[in-house]
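Here is a short note for a colleague opening this structure for the first time. Please keep the view at hand while reading the points.

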Amino acid sequence: MTGDGRASEGDEDGVRGARRIPGPRGAADDLDLESVPLPPLPPPGAGTPGEAVPEQSGPDAPGQPVPEQSLPEQSDGDAPGQPGPDAPGEPVPEEPVPEQSGPDAPAPADEAPAAASVPDPDPAPELCVSAAPSLPHRDLQALLGAWALSVCSAEETAAVEDHLPRCAPCADEAKRLREAVGLLHADGALDLDATLRSRVVEGCLGRRPARIPIPEWAAPYDAETARLDALLRDIGDADWNAQVRLRWFEKERRADRWTTVGGVISHLTAVDGLLSAALGLDDPLGDGAPLDPTERTEAYWAGGGPPTRAVREPWRAQSHELIRTASFAGRNVAETSVSYGSFGLPLQDAVVDRAFECWVHGWDIADAVAYPYPAPSAAHLHLMIGLAARMLPAALAGRRRAGLAGPARDLVVPGEPGRSLHLEIEGNGGGDWYIALDSPAALGTRDTAVAQVALEAVEFCRLVAGHISPVEAAAGQEGDREAIRDVLFAAASLSRL
């Protein structure tokens with residue numbers, strides 16, 4: 001076919017006999033071409049100007065019908081050597097298919113469209129990749145914080161990450177925010193700092209000093225009872241039946257006793273009752289109770305059923321009452337004697353002694369229930385070590401009277417310098433103490449030291465608590481070997497149930 005829509009003369013035989021071109025359809029296999037009905041024939045002479053003239057099937061066969069399968073040839077006029085449509089005596093073709101005489105002539109309504117007008121089938125669907133949404137710079141800048149925390153939607157994340165390579169200020173800000181988020185997620189222990197409470201209280205009191213402050217010698221007891229109470233509040237009901245091993249040192253050997261968490265709190269309540277009685281408060285064991293700590297504990301354990309969580313509140317109420325009464329009394333009660341049966345202590349020393357035992361037994365409970373329990377603060381630890389160092393000369397003299405220590409070398413006048421041992425405690429709460437060796441009333445000095453022992457602070461406290469033996473103590477030793485042995489064993493003998 002030529003470019004103007006007319007069939008070329010050389011292709012006439014090829015066009016004739018070709019099948020009809022069907023109209024547009026939705027799919028290639030939903031119609032049967034054999035079943036498509038042919039359009040009706042137009043009436044004779046109904047052709048419009050410019051309409052194609054149907055041709056005969058052959059120039060030498062006048063009067064023969066045009067086969068149904070033939071296609072008419074388009075022509076702007078009569079083909080050379082053939083009559084026009086109005087020639088007399090020419091038969092009308094049965095099924096002529098009129099064609100447009102020009103590209104702009106409209107086709108009849110009941111006529112199938114020409115092949116050139118058949119639309120191409122719909123293109124195959126392609127995978128669509130959504131591009132990042134276009135957002136203003138101000139909105140993208142506002143999204144940087146959420147992007148750093150990984151809480152943006154997928155579209156917002158794509159928009160921000162598409163924007164960052166093209167905007168240096170936003171890229172710097174995004175890098176800084178991501179580094180800050182990394183600091184927020186740093187791994188760390190969930191346990192509170194042991195000094196947090198004291199620092200908070202100190203800060204509060206710095207703004208508004210207490211009208212009646214707690215005496216300095218009662219501060220360790222206040223802190224340790226609060227720490228132990230926090231542990232008891234945190235553990236479950238089943239932990240109150242956990243087995244706790246209490247250890248101490250008797251003469252030349254170690255001793256122990258098994259009880260429960262509730263049994264330990266009952267033990268603390270029984271011994272703290274000695275201080276309550278000295279301050280004029282009610283003794284939890286009642287009048288006529290024994291004074292020896294071990295006997296009091298055994299009596300208290302035997303007086304009721306198995307201790308449970310219910311023992312915490314009476315013990316805590318008693319410790320609060322002790323601190324409150326001592327604070328109101330102040331200096332008037334600091335030297336009040338507290339009897340432990342075989343020995344006595346001033347109240348200010350007895351309160352520090354109870355703070356030390358509260359820490360040690362809190363340590364025992366924490367070990368039994370797998371709970372972190374750090375050492376006291378350095379200031380409180382220093383007071384506890386200082387009390388033990390001051391008690392060593394009397395403990396050494398008691399062992400000497402029992403034949404468990406070497407004899408005294410020099411007899412000195414009370415208050416005068418005598419043979420001594422330099423006790424060096426290292427670490428937080430440490431310091432230097434000089435222990436009189438021959439008489440509790442003698443004065444230990446640097447110039448009269450005949451031996452030196454170096455111990456870490458917590459290690460020395462474990463020795464005093466009876467948790468390790470003198471032989472196990474990792475001590476740096478120098479000088480008189482007998483004096484060193486006597487002092488280490490005297491330190492272990494300070495422990496008790």
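**The sheet and a helix to check**

1. The model is predicted. Look first at an open sheet of 4 strands, with mixed pairing and the order E6-E5-E7-E8. Strand E6 (431-436) and strand E8 (476-479) form its edges. Each has a single partner strand, so one side of each lacks a neighbour in the sheet. On average, neighbouring strands here are turned by 30° against each other, direction ignored.

2. Take the E5-E6 pair next. Strand E5 (residues 417-426) runs antiparallel to E6, and the two pair over 6 bridges. Opposite Ile-435 in E6 stands Leu-421.

3. Which helix touches E5 and E6? Helix H12 (residues 378-401) packs on the sheet there, and its direction makes about 15° with that of E6.

4. Helix H14 (residues 481-492) lies across E5, strand E7 (443-456) and E8. Its direction is at about 135° to E8.

5. Now helix H10 (residues 312-329). Does its length agree or disagree with its residue count? At 1.5 Å a residue, its 18 residues should span 26 Å. The end C-alpha atoms of H10 are 26 Å apart, so the two agree.

6. The buried residues of H10 include Arg-312, Trp-315, Arg-316, Leu-322 and Ile-323. Gln-318, Ser-319 and Thr-325 are also among them. The buried residues of H10 pack against three helices: H7 (219-234), H8 (261-278) and H11 (347-368).

7. Check the residue just after H10 too. Gly-330 takes a positive phi there, about 65°.

How values were computed:
Residues are numbered from 1 along each chain as its sequence is written. This is a predicted model: local features need pLDDT of at least 70, side-chain atom pairs count only at pLDDT 80 or more; totals for chains, interfaces and linings use all residues. Side-chain values use heavy atoms; hydrogens and water are left out. The expected span of a helix is 1.5 Å times one less than its number of residues. Buried means under 20% relative accessible area, exposed over 50%, partly exposed in between (1.4 Å probe, protein chains only). Contact means heavy atoms within 4.5 Å. Two strands pair if DSSP finds at least two bridges between them. Axes are lines fitted to C-alpha atoms, for helices over the stretch in contact, and angles run from 0 to 180 degrees between N-to-C directions.
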